[in-house]
Amino acid sequence: MKKTSTRLADGRELIYYDARDDAVRDAVDRRPLDPTVTTSETRRDPLLGDSVAIASHRQGRTYHPPANECPLCPSSGDRLSEIPDSSYDVAVFENRFPSLAGDSGRCEVVCFTSDHDASFADLTEEQAGLVLDAWTDRTAELSHLPSVEQVFCFENRGAEIGVTLGHPHGQIYAYPFTTPRTALMLRSLAAHKEATGGANLFDDVVARELSDGDRIVLDAEHWVAFVPYAAHWPYEVHLYPKHRVADLLALDDAARTEFPQVYLELLRRFDRIFGESEPPTPYIAAWHQAPFGTLEEFEGVSRDDFALHLELFTIRRTSGKLKFLAGSESGMNVFINDVPPETAAQRLREVASS
């Protein structure tokens, strides 16, 4: 992998990740951009104990542009985009309309491919491996920023999810705090460790799924994918490396090599859940990594106790119907799932590649 860092016209950082070591990335951003101005701040909710990002400048962000005005495609002639070069393998840049900025963290956009009409599932294993390298490198770099406590790599795919740009891309949020969802996991981890005399909750969850077998979707040499016992979403898969590590940086070579094959297979199965004639399945793919900040409030738990894993889920519950977060889910955070996890797992096994 070759990494080339440069700056856009308004001062934001842009990084190219190339599979070839001889790639040259010297194109200049020719757009007449003013410096980026953000109003991002985080406010803590005193009742719930969580934080909310207030980012009013995002009201003016790019919204469903036509394909010939896509800001994530390479620049071509007089059509100038966020990517000054005429081609790229993987590109990462600071979001022009960030939810988090300055002392409130940082937001980046990850362009998986220059092909506007592709999706992550269309990538080759080499391309998917390069994306993994980019996620890993950005996690390492962002973890060193003084305002950053947790790094979250994710992809929103599909208009139903709320995606406003059709080009295949994901995002990275670098938070100035430990996120509420991770804090819940850490509290459960600490409670389980105390109740069992030192057992690791993540290890026990994975071991239970492997033992039961009913919810296993894919069992590879270095990775295992399963529908969790208490899945929140109609079709939800958790992907774990079999050797527990805290973050992407700690993955060994064997797991890194096998990941593209496993992950691409999962994404392709997701697109076949509802039948070949159905539109692409909308999904969220979310990496969960251990925070880089102190874990003092989670007594007895260290970073090494956390288990890196990816959670992949769709809000489509059946053909033509979405799972909406209604009163119980949005008001009380109590999910109601219409699809039994065992049924979802069976369907995801049925649509395996031949």
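## A cavity and a pocket between two domains

The structure holds 1 cavity of 30 Å³ or more. On a 1 Å grid over the protein atoms alone, a cavity is a set of points where a 1.4 Å probe fits but cannot get out, while a pocket is an open set with protein on both sides within 12 Å along at least five of seven lines. A residue counts as lining if it has an atom within 4 Å of a point.

Before going further, keep in mind that this is a predicted model, where local features need pLDDT of at least 70, side-chain atom pairs count only at pLDDT 80 or more, and totals for chains, interfaces and linings use all residues. Residues are numbered from 1 along each chain as its sequence is written, and side-chain values use heavy atoms, with hydrogens and water left out.

Now for the cavity's walls. Phe120, Trp135, Cys153, Phe154, Glu155, Tyr263, Ala285, Trp287 and Leu310 line the largest cavity. Two elements, S7 and strand S12 (283-288), each give two or more residues to that lining, and S7 gives the most. Strands here are DSSP runs of E, at least two residues long, and helices are runs of H or I, at least four, numbered from the N terminus.

Here is how the cavity and the second largest pocket look side by side:

| Space | Volume | Residues from S7 | Lining by class |
|---|---|---|---|
| Largest cavity | about 40 Å³ | 3 residues | 8 nonpolar, no polar, 1 charged |
| Second largest pocket | about 310 Å³ | 3 residues | 8 nonpolar, 8 polar, 6 charged |

The volumes are the space filled by probe spheres set on the grid points, which are joined across faces, edges and corners. For the classes, Ala, Val, Leu, Ile, Met, Phe, Trp, Tyr, Cys and Pro count as nonpolar, Asp, Glu, Lys and Arg as charged, and the others, Gly among them, as polar.

The pocket has 22 lining residues, and Ala118, Ser119, Arg157, Gly158 and Gly166 lie nearest its centre. Strand S7 covers residues 150-157.

So where do these spaces sit? Domain 1 (2-175) and domain 2 (180-351) both line the largest cavity, so the cavity lies between them. The second largest pocket lies between these domains too, because both give residues to its lining. The domain bounds come from an automatic or database domain assignment.

Zooming out, the protein chain has 6 helices and 15 strands. Its C-alpha trace spans about 60 × 50 × 45 Å along the principal axes. Buried residues, meaning those under 20% relative accessible area with a 1.4 Å probe and protein chains only, make up 51% of the 354 residues.

Terms used: Buried means under 20% relative accessible area, exposed over 50%, partly exposed in between (1.4 Å probe, protein chains only).
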